[in-house]
Amino acid sequence: MVTIKDIAEKANVSIASVSRYFNNKELLHPETCARIEKVVMEYGYVPNSIGRSLRMARSGKILVLLPSISNPMYQKMISSINSECQQRGYTVLTCTTNNNKYNELHLLSMLETHYVDGAIFFSTTQSREEFEKLSRRFPLVQCCEYIDADVSGVTIDNEKAAFDAVNYLVSRGHRKIAMASGMEVYGTTYSRELGYRRALEENGIRFNKNYIIRGEYGFSSGAEAAAKFLKMKDIPDGLLTVSDAVAIGAMREFVRNKMVIGKDISIIGFDNTRIADMYIPSLSSVSQPREEMGKKAVELLFERMKSLKAKTRLIMLEHKLVIRDSVRK
């Protein structure tokens with residue numbers, strides 16, 4: 001069994017420093033804190049006092065970690081999580097990490113001090129090994145974004161969703177299909193690009209690496225991607241985007257350059273947020289069951305809070321392609 005003395009020896013610090021790390025880490029030099037943190041993560045060590053607290057007490061609070069607050073897709077899921085937790089007598093603390101590993105670990109210290117009882121991740125900066133070690137120590141669940149780790153989670157089949165969207169564009173007569181993709185830090189970026197490429201391949205369409213442009217999930221990224229596509233010799237006639245906001249930004253830029261959406265180019269967004277049906281022309285989009293995702297995430301988290309030895313589960317929910325005016329009839 002690993003002791004506080006073992007942690008101190010491995011990190012080459014005093015036992016007092018390790019104790020301070022768990023009780024008053026702001027008194028430690030950042031470098032010392034990082035060294036201890038690395039060893040604690042490696043061994044999955046939990047001090048006896050914290051372990052007893054986790055077993056015997058409840059704070060009544062849940063932590064939800066978002067990469068940012070700019071993605072409108074998160075709103076309905078957070079609302080669902082709030083509703084489910086309130087019914088169980090729990091309060092939800094929502095925090096953003098900005099995809100910064102230090103920020104994420106700092107927020108997770110609330111689990112160590114028992115300020116919160118569990119955490120739902122919309123995205124994580126941890127590696128598979130790091131994330132699994134954390135999950136053995138604390139109740140954790142993945143929601144929406146999912147990395148291939150032995151950690152419970154709820155998501156959709158993002159590869160199949162992208163495949164279905166591109167397949168539909170092909171069925172409407174499109175052959176020059178591009179993708180306004182996301183950042184490589186997200187697992188969904190890889191999965192959706194895989195689905196995009198598989199659909200092209202199965203329809204006998206040669207993959208053009210210039211037809212994938214990666215960026216953020218917002219309006220401006222869509223406009224920037226469209227501007228780049230417009231400078232190409234072969235302007236795409238079909239476009240899949242990683243979010244509705246990106247799609248709307250791209251549509252705005254194409255229209256500004258005298259292209260007719262649904263005729264000169266067809267566009268499919270992702271997430272089916274409210275803006276998809278409000279914009280003119282209305283946006284076709286891949287719909288995710290966001291309310292159900294939030295409910296399932298809470299269900300999975302409470303399973304882990306009941307017992308860290310409970311078997312981890314991955315719930316895959318069904319997506320749906322909602323076709324509107326932005327795709328050629």
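Let's start in the loop between β2 (91–96) and α6 (101–112), where N98 is found. This is a predicted model, and in it the phi angle of N98 is near 55°, a positive value in a residue other than glycine. Its neighbour N99 is found in the loop between β2 and α6 too, and phi of N99 is likewise positive, near 55°. How exposed are these two? N98 has a relative accessible area of 53% and therefore counts as exposed, the cut-off being over 50%. N99, with a relative accessible area of 24%, is partly exposed.

Another backbone feature to look for sits in the loop between α12 (274–278) and β10 (284–287), where you will find P281. The peptide bond that joins I280 and P281 is cis, with omega at about 0°.

Now let's turn to the interior. In soluble globular proteins, nonpolar side chains tend to be buried together. Here the largest nonpolar core has 44 residues, and the ones with the most contacts inside it are V166, Y196, L239, L240, F254 and I267. Two or more residues each come from the helices α8 (158–171), α9 (187–202), α10 and α11, and from the strands β6 (177–181), β7 (212–214), β8 (238–241) and β9 (266–271). Which element gives the largest share of this core? That is α8, with seven residues. For a closer look, pick V166: leaving out residues up to four places away in sequence, V166 touches I177, Y196, A199, L200 and L240. Apart from this core lies another, of 26 residues, with I62, V92, L301 and F302 among them.

Strand β9 deserves a stop of its own, and I268 is a good residue to select there. I268 has 0% relative accessibility, so it counts as buried. What surrounds I268? Setting aside neighbours within four places in sequence, I268 is in contact with A165, L169, L239, L240, T241, S284, S285, V286, L321 and V327. You can also trace a link across the chain: I268 and D325 are 57 residues apart in sequence, while their C-alpha atoms are 9.9 Å apart in space.

Next come the helix pairs. Two packed helices are described by the angle between their axes and the distance between the axes. Take helix α10 (residues 219–230) and helix α11 (residues 244–256): their axes are 6 Å apart and the packing angle is about 45°. The two helices are therefore oblique to each other, and α10 passes α11 in a right-handed crossing. On the α10 side the contact uses F219, G222, A223, A226, A227, F229 and L230, which meet A245, V246, I248, G249, A250, R252, E253 and F254 in α11. Sorted by class, this contact has 11 nonpolar, two polar and two charged residues.

The other pair is helix α5 (residues 74–87) with helix α13 (residues 290–306), which pack at an angle of about 40° with axes 7 Å apart. So α5 and α13 are also oblique to each other, and their crossing is right-handed. From α5, the residues making the contact are K76, M77, S80, I81, E84 and C85, and from α13 they are R290, E291, M293, G294, K295 and V298. What is the class make-up of the contact of α5 with α13? Its residues divide into five nonpolar, two polar and five charged.

Conventions:
Residues are numbered from 1 along each chain as its sequence is written. This is a predicted model: local features need pLDDT of at least 70, side-chain atom pairs count only at pLDDT 80 or more; totals for chains, interfaces and linings use all residues. Side-chain values use heavy atoms; hydrogens and water are left out. Axes are lines fitted to C-alpha atoms, for helices over the stretch in contact, and angles run from 0 to 180 degrees between N-to-C directions. Helices (H or I, at least four residues) and strands (E, at least two) are DSSP runs, numbered from the N terminus. Angles under 35 degrees count as roughly parallel, over 145 as roughly antiparallel, 65 to 115 as roughly perpendicular and the rest as oblique. A crossing is left-handed if the near helix is turned anticlockwise from the far one by less than a right angle, and right-handed if clockwise. Contact means heavy atoms within 4.5 Å. Ala, Val, Leu, Ile, Met, Phe, Trp, Tyr, Cys and Pro count as nonpolar, Asp, Glu, Lys and Arg as charged, and the others, Gly among them, as polar. A nonpolar core is a set of buried Ala, Val, Leu, Ile, Met, Phe, Trp, Tyr and Cys residues joined through side-chain atoms within 4.5 Å. Buried means under 20% relative accessible area, exposed over 50%, partly exposed in between (1.4 Å probe, protein chains only).
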